[in-house]
Amino acid sequence: MNGKTNGAGRKKSEERAARVNSPFLTNLPFGAPKKLSDGGLKTSLVQLVYAKIMESLDAGDLRPGSRIVAAELALQLGLSRGPVREALAVLAGQGLVELLPDRGAMLRPMAHHDLVGIYEMTAPVAALGLKGAAMRIHEGDNAARIADAMTAIRSAASDAAPRFRFYLILNEFHYLANAIGEKPYVDFVLRALNVEYWNRLIAIAIDLDKHVDKYVENYQRLTDAILAGDARAAEAIMLYHADWCITLLQAPN
């Protein structure tokens, strides 16, 4: 009897918590939230916990290496501890958090060599999406969509908002290219690497105010190659861009 009651209560809590409106529920690594008839978003518990962690990170309440207290997170989300612990276990499997014996969860810290390693992993994968987009750029309104994405990058470069948002706009460029090129597994790999968390740490490690013009230049070159239908050039420019970013990370402070 109690088991049935607890199960029903848990389900209602999950459904209630999943019906949210939040600016942090875009670019999630575990699938897109479903839109509800009232304009809200229905998300999984893992998505919800992930979004809350990113929100706390952006607000300065969490830092890489910070302990994540499941009880506090559950209270903030209006959930019981059990589902939150399960969600943290999933995020641990994705490499976002670490589960420590007798200490709970910790937001995984990343040194500069970790950031370099992700660039080395993501660059050739992202290049597949860019090549695919170049090969399909003349279909429908694909060219206009890519041009609009580049315009968004230029706008974000001059935006005074937190600098990590510039990297999120770069992600949107790649997600669009992947969609145009019909490369869903490229999205899957990028999201599985928690690229949005990585972006936030890149924004700390690289002086974007100093280097943003070069970012825009590189992405304009990418855009030009895609619009020209030059898949090989798009791949080469992506690899060049990643090597340049790695050089920045490896340079002495």
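Which side chain does the side chain of Asn142 join through a polar contact of 3.2 Å? It is that of Arg145. Good morning, colleagues. Before going further, I should state that the structure shown above is a predicted model.

Let me stay with Asn142 for a moment. Asn142 belongs to helix 6, which spans residues 142–157. Its relative accessible area is 8%, so the residue is classed as buried. Besides the contact with Arg145, the Asn142 side chain reaches back to the backbone oxygen of Arg136, at a distance of 2.8 Å. When neighbours within four places in sequence are set aside, Asn142 is in contact with Arg136, Ile137 and Ile180.

Arg136 therefore deserves attention in its own right, and its relative accessibility of 24% makes it partly exposed. Arg136 lies in the loop between helix 5 (112–135) and helix 6, while Glu182 lies in the loop between helix 7 (164–180) and helix 8 (184–192). These two residues form a salt bridge whose closest N and O atoms are 3.0 Å apart. Because of where the partners sit, the pair ties together parts that are 46 residues apart in sequence. Glu182 itself is exposed, with a relative accessible area of 52%.

Arg136 has a further salt-bridge partner, Glu139, with an N to O distance of 3.0 Å. Glu139 is partly exposed, at 38% relative accessible area.

The search of the whole structure finds seven salt bridges, and I would draw your attention to one more of them. The side chains of Asp209 and Arg163 meet in a salt bridge, N to O at 3.0 Å. Asp209 is located in helix 10 (residues 208–227) and Arg163 in the loop between helix 6 and helix 7, so this pair also ties together parts that are 46 residues apart in sequence. Asp209 counts as exposed, because its relative accessibility is 59%. Returning to the earlier group, salt bridges that share partners join Arg136, Glu139 and Glu182 into one network. In general terms, side chains of opposite charge can pair when their charged atoms come close.

I turn now to the sheet. How many strands form it, and in what order? Three strands form an open sheet, in the order 4-6-5, with antiparallel pairing. At the edges are strand 4 (67–68) and strand 5 (97–100), each of which pairs on one side only. Strand 4 pairs with strand 6 (residues 104–107) over two bridges, in the antiparallel sense. Within this part of the sheet, Ile68 stands opposite Ala105 in strand 6. Helix 4, residues 81–93, packs on the sheet and touches strand 4, strand 5 and strand 6. The direction of helix 4 makes about 115° with that of strand 5.

My last residue is His241, in helix 11 (residues 231–250). Is His241 buried or exposed? With a relative accessibility of 2%, His241 counts as buried. Not counting residues up to four places away in sequence, His241 touches Tyr215, Asn218 and Tyr219.

To close, I would return to Arg136. The backbone oxygen of Arg136 is reached by the side chain of Asn142, and Arg136 is joined with Glu139 and Glu182 in one salt-bridge network. Thank you for your attention.

Notes
Residues are numbered from 1 along each chain as its sequence is written. This is a predicted model: local features need pLDDT of at least 70, side-chain atom pairs count only at pLDDT 80 or more; totals for chains, interfaces and linings use all residues. Side-chain values use heavy atoms; hydrogens and water are left out. Helices (H or I, at least four residues) and strands (E, at least two) are DSSP runs, numbered from the N terminus. Buried means under 20% relative accessible area, exposed over 50%, partly exposed in between (1.4 Å probe, protein chains only). Contact means heavy atoms within 4.5 Å. A polar contact is a pair of N or O atoms within 3.5 Å; within protein, one must be able to donate a hydrogen and the other to accept it, and residues adjacent in sequence count only if both atoms are side-chain atoms. A salt bridge is a side-chain nitrogen of Lys or Arg within 4 Å of a carboxyl oxygen of Asp or Glu. Two strands pair if DSSP finds at least two bridges between them. Axes are lines fitted to C-alpha atoms, for helices over the stretch in contact, and angles run from 0 to 180 degrees between N-to-C directions.
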